[in-house]
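Subject: Structure for your review

Dear colleague,

Please find below the structure we discussed, with its sequence. My notes on it follow directly afterwards.

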Amino acid sequence: MTAKEEIIKNLTVLTNNSCTSKISFIYYDILRECEIEFPADSWALARSKGYTFDQVLQNTNERTFNLLLWILRYDFDETNHAIFIQKIVLSSLWRPSNNGTSPHEDGRGLDIIKIKPNIGKEIVCASSTPSEPGFLVKIRTAAFQNKLANQYFSPWIMYYYNKEGKLIEEANRGITENERIHLTHVHFTIGK
Ligand SMILES: [Zn+2]
């Protein structure tokens with residue numbers, strides 16, 4: 001079963017339109033089960049246009065789910081394999097066409113608002129968190145090295161390939177529209 005199929009199979013849509021799912025895998029002989037949450041807001045536009053949440057997942061690119069699974073499997077402790085992400089809260093996957101420029105419109109965007117590692121506090125992916133958490137630095141650097149994503153916009157850092165193919169890493173100053181949009185979540189673009 002692919003990550004996409006497993007997430008769709010385990011989907012629960014609650015009466016308030018928020019949704020949950022889970023994905024499990026064996027990592028170093030331990031069965032790990034990760035929770036994925038989709039608040040009602042995360043698919044409000046699709047809902048207003050008559051789509052079900054199942055269709056939102058169906059319209060999301062397979063490789064977006066592969067990146068999500070890869071993030072959940074990420075090993076933050078190569079010695080003891082004891083630090084990992086237990087729960088992730090997403091704020092957008094596929095979105096119906098609005099202006100035709102967002103990678104979400106063909107299912108290649110992954111927006112994250114919270115990450116809960118098995119140790120320590122929940123990480124809020126918004127400018128209320130003063131600097132980029134080490135968990136996210138590791139994930140985005142490794143995701144680019146493994147060519148799983150080619151843009152990462154966050155409340156702290158804008159990390160992307162420019163038109164010349166050069167990898168850029170600059171602070172989110174909260175000035176441009178793209179910078180302002182990403183003060184509230186972490187966005188990954190999956191390449192075409
Ligand atoms: Zn996004």
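Beyond its neighbours within four places in sequence, Ser 102 is in contact with Arg 95 and Gly 109. Please bear in mind that this is a predicted model. Ser 102 belongs to the loop that runs between strand 4 (85-92) and strand 5 (109-117). Its C-beta has 16 neighbours inside 10 Å; a residue needs 20 or more to be buried and 12 or fewer to be exposed, so Ser 102 counts as partly exposed. Thr 189 is 87 residues away from Ser 102 in sequence, yet the C-alpha atoms of the two are 9.3 Å apart in space.

Two helices deserve separate remarks.

Helix 4 comprises twelve residues, 62-73. From its first C-alpha to its last it reaches 17 Å, close to the 16 Å expected at 1.5 Å a residue. Its buried residues are Thr 64, Phe 65, Leu 67, Leu 68, Ile 71 and Leu 72. Around the axis they cover an arc of only 155 degrees, and therefore lie on the same side of helix 4. As general background, an α-helix has 3.6 residues a turn, so residues three or four places apart point the same way.

Helix 5 (residues 134-145) also has its end C-alpha atoms 17 Å apart, which agrees with the 16 Å that its twelve residues should span at 1.5 Å a residue. Leu 136, Ile 139, Arg 140 and Ala 143 are buried in this helix. Viewed down the axis, the buried residues of helix 5 fall within an arc of 90 degrees, so they line one face. The face turned away from that buried side carries Gly 134 and Gln 145, which are exposed. Among the elements that cover the buried residues of helix 5 are helix 4, strand 7 (151-153), strand 8 (157-161) and strand 10 (186-189). After helix 5 comes Lys 147, which has a positive phi, near 55 degrees.

The last point concerns the nonpolar core. In soluble globular proteins, nonpolar side chains tend to be buried together. Here, the largest nonpolar core has 42 residues, and Leu 67, Ile 88 and Ile 112 have the most contacts inside it. Helix 4 gives the most to this core, with five residues. Leaving out residues up to four places away in sequence, Ile 88 touches Ile 36, Leu 72, Ile 112 and Ile 115.

Yours sincerely,
A colleague

Conventions: Residues are numbered from 1 along each chain as its sequence is written. This is a predicted model: local features need pLDDT of at least 70, side-chain atom pairs count only at pLDDT 80 or more; totals for chains, interfaces and linings use all residues. Helices (H or I, at least four residues) and strands (E, at least two) are DSSP runs, numbered from the N terminus. Two residues are in contact if their C-beta atoms, placed from the backbone, lie within 7 Å. The expected span of a helix is 1.5 Å times one less than its number of residues. The arc is that of the directions from the helix axis to the C-beta atoms. A nonpolar core is a set of buried Ala, Val, Leu, Ile, Met, Phe, Trp, Tyr and Cys residues joined through C-beta atoms within 7 Å.
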